[in-house]
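This report describes one helix and its surroundings, and then turns to the aromatic rings. The sequence and the structure are shown first.

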Amino acid sequence: MNRSISTFLICLTRLLGARWPLLVFLASSSLSSAAFDPFTETTSEYNSRAQWMRDAKFGVFLHWNPSSLVGGEISWCRDSVGRATYDALYQNFQAENFNADQWVTLFHNAGIRYAVVVPKHHDGFSMFNTATSSYNVMNSPFGRDYVKEMADACGRSDVRFCLYYSVLDWWNPLYSSASGADLTRYKNEVFKPHMRELLSNYGPVGCIWFDGHWDASWTHADGREMYSYVRNLQPSTLIGNRIDQKATADGPYCSWTGSFFNGAPDPVGDYQAREVDFGKYYTGKAWDSCFSLCGVNSKWSWVPPMNPRPLSEVIGWLVQCIGRDGSMLLGVGPRADGTIDPASSARLLEVGSWMTSNGDAVYGTRGGPYLPGDWCVSTRKGNKVFLFVTKWNGETLSLPALPANVVSSRLIGGPTVPITSTGSKWNLTVPEPSRTPIVTIVELTLDQDATTMNTVALPGLKLVSAGKPVVASGEWLGRETELSKNHVNDGNFNSIWAGPEYSRSGWVEIDLGEDHLIEDVLLDEGPYQRCEAFQFQAQIAGVWQTIVGGTTIGARKDLGFAPTLARRFRLMISQANEVPTLAEFQLFERDTSSIQDGVFINPTPGSNYSIPSNWDNRVVTSGCVIGTGGASFSALYDGPGNTSSSGDLTLGNGTGSNGTLTLNGSSGTLAYTSANIGAAGGSGSLVLNAGALNTGDLVLGTAGSGASGGVILSGGNATASRLIIGDAPASTNTFTLNSGTMTVTGSSGLYTVIGGGAGTSTTLGNIHLNGGTLNTGMISEYVPAVTSVVNLNGGTLQASIPNANFLTADTVNVLGGGAKIDSNGNAITISKALAAGIGNGGLTKSGASTLTLTAKPTGSAMNLTANNGTLKLAATGFAFNNPGGFGNGGTLRANSGATLELNGPYNLGYSQPLVVNGGTVTITSGFSFDGQQ
């Protein structure tokens, strides 16, 4: 019988039910004899087979067997109860009130779309009619095939029937946990017969959630063998990846991390069975993650008291799973009499009510196109995108724009959401009264199919505590490895730290190694939930200060607070009803790779903070402020991507504030409408070591008395429409060029302004050209009375346009050899004095046009050289190279192709002050040599 006919018979059997056992037998016999190779399945075939799980999104996990009689965790309480006592519990198992249809109806009303039933857990007891042993439910007082009744009830509903099965078996002597054990008889006499019975006698099985694969006896070869065997019984059944061998150590291949398989070169499994963890966004294959309704990772079965987790927590699990492109499996533990606890039933119906209102954003969707963030996840279906917003910072959501147009935006079941598009950003406004409890869902309808779009990262937080050194108040003696303090930041929610035995309080501390701006902490107490009072603290100036506190912690308690700058953080559990425990203690800071528009990068006022940021390929629309409100902040851009903005960059905004931005990325470019370096009384500094900065006005010291700015170029290239060095009263501002190029494009004669762009005479402006090139038009004082200095110390001052008064600074100091003014084909004039300053000064004129010095030069040891074009000395009334005169000890030089025009009267001293080196010297009037005409 071929594969398609076999599948048809199985589906037909489900429709016909138990009245046709012969048909089921024929179908299963044909399937088992018509072997096929499941490892040759194509991606298209797999996607078709897995579609139902990807659409279902919400399942129920039912752990029920005679262990409910003692209220102990299924299988795991076998030793505490006593093995003999536990193994005999089935003799009193009556389950007199069990009704499968009532269960399935409840699940349907809760919005559940598949039910995972447990026919055999680790304890080896079979809750179905098996011929492998008498240790099964048919030999209990209950005496009914529980699995069969659940399969039939699911067949009468839209809840898909699925199974759980434990690979290991603590009851059966054929099973061994020892490394190297031969499990051939166990597989042939127990495992395979069980699979044959379950997949032949109960109709179609959606998936099998395998477990118990951790013993050393179970090998990868066993997993491949059983995978093939099961797929040949029911080719459409999805096989959980835990049929394969478990990874040998904690790491990237463990199920809770989000990696799909155990790292083998030929892994097996159709979907990932995650446990109490959301894991990573993953679309390659289907997956679900299980959480217990009454215990998160405990109380899977009936372990009273059964207090269900809050509705907000359950919905939160579901939202996080679907936003990562998975499903959620919710654990429910029925009571011994076969009923489900009323409190659990009530909570399930609350979930169902929420699903009735919001199911369109859940069922049949895929995760994305926005990757999960700390404040939002998304799903998509056709041309719709659903945003699940769990945290708010103001009323506006700023999202990277998708490659589509928004046709409409609204809240699920609510009003329209205003949306504006600014460049590559979408901004949505949702006032607080319009939001819904737990999560607010925004529905975007696009003009294109959203399911084919690439994923986009959301602005969010960054985990910084993983693997950092941990100190604790103490550990449980003798169990230090099992209950290590290092478990609190290992990313594994299944491992815990515990305090000393008999303790009722304790603390754990994480040392980040350097100051970090922390604004969110995630706490998880593990399965025991013993905390009754806690304080989250930071060590600031040597003193532990409480940032936020509370009573219970429980599972995944997410605490946001005002950004706090510190190196050491600790959690104080000041009161617990048993030994305090902690599974995870995670610290988060703002990820500057995804800064939202207009966000102020700002630590605690008065503090200093530095963090590498990666702003690659970020396009913003409202600019960015670095350092404000009395705070100091340094940001580092390493490239190589590009960041552009239609807004302003402001470094140091407000009295006492200081902001620094350093560009190191050799191929990166930052672009802003304007750049304000020091504003409103603050101080700012821009350092360009590589890459490029493109901006409109580049203003140092603006908008407020005392605002001061500094720019240092040591590489790379900067472009600005205007360079204003000092635009606020009582400020000192300096532009330093060590290498690289600064180009001021300007318009209407407005180029570089030194001191007092809109300030007063108390404003100081300085230009230091130590190397590189400043290419600009007129360099001028905006306020004549200000003090402005240009130091030419080996750099090049290049004229971009002709100007009658090219350089009008108070003082131009030529401090060392190598300084050059390049007229660049333009006729330019320097109308202020040149001064040699300290040491030998050297100024070279290059370019084909004329550079005219109209003011009286002063200073000593000044060397003036014309390389080409004309260097014209047009000032009067000074002596050159005479003791005490201008250029004493210096030289006037005309090199080949250049003209030195002396338009006196000058008094040139003795000692060869004038050198003609292939060039031309023109004396137009009144020159004397050592007092002689």
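## Helix α11 and the aromatic pairs

In this predicted model, helix α11 spans residues 342-358 and has 17 residues. From its first C-alpha to its last the helix reaches 24 Å, close to the 24 Å expected at 1.5 Å a residue. At its N-terminal end, α11 is capped by D341, a side-chain oxygen of which lies 3.0 Å from the backbone nitrogen of A343.

The buried residues of α11 are S344, S345, R347, L348, V351, G352, W354, M355 and N358. An α-helix has 3.6 residues a turn, so residues three or four places apart point the same way. The cover over the buried residues of α11 includes helices α6 (100-109) and α10 (311-323). Strands also contribute to this cover, among them β1 (58-62), β8 (327-332), β11 (384-389) and β16 (440-446).

Aromatic contacts form the second topic. The structure holds 33 aromatic pairs. A pair of aromatic rings is described by the distance of the centres and the angle of the planes. Two of the pairs are set out below.

| Pair | Centre to centre | Angle between planes | Geometry |
|---|---|---|---|
| F125 and Y135 | 5.0 Å | 80 degrees | edge-to-face |
| F278 and F291 | 5.5 Å | 40 degrees | tilted |

The planes of F125 and Y135 stand at 80 degrees, so this pair is edge-to-face. The pair links distant parts of the chain: F125 and Y135 both belong to the loop between β2 (114-120) and α7 (146-155), 10 residues apart. F125 has a relative accessible area of 2% and is therefore buried. Y135 is likewise buried, with a relative accessible area of 6%.

The tilted pair of F278 and F291 also links distant parts of the chain, with the two positions 13 residues apart in numbering. F278 lies in the loop between β6 (271-275) and β7 (286-292), whereas F291 is in strand β7 itself. F278 counts as buried because its relative accessibility is 9%, under the 20% limit. F291 is buried as well, at 0% relative accessibility.

Elsewhere, ring pairs join W64, F93, F98, W103, F142 and Y146 into a cluster.

Aromatic rings also meet charged side chains. The charged end of K120 sits over the ring of Y165, 4.6 Å from its centre. A second such arrangement involves R435, whose charged end sits over the ring of W392 at 4.1 Å from the ring centre.

How values were computed: Residues numbered from 1 in each chain as written. Predicted model: local features only at pLDDT ≥ 70, side-chain atom pairs only at ≥ 80, totals over all residues. Heavy atoms only, no water. Helix = DSSP H or I, 4+ residues; strand = E, 2+ residues; numbered from the N terminus. Expected span 1.5 Å × (residues − 1). Buried < 20%, exposed > 50% of the residue type's maximum accessible area, 1.4 Å probe, protein only. Contact = heavy atoms within 4.5 Å. Polar contact = N/O pair within 3.5 Å; in protein donor to acceptor, adjacent residues only side chain to side chain. Phe/Tyr/Trp six-rings, centres within 6.5 Å; stacked < 30°, edge-to-face > 60°. Lys NZ or Arg CZ within 6 Å of the ring centre and 35° of its normal.
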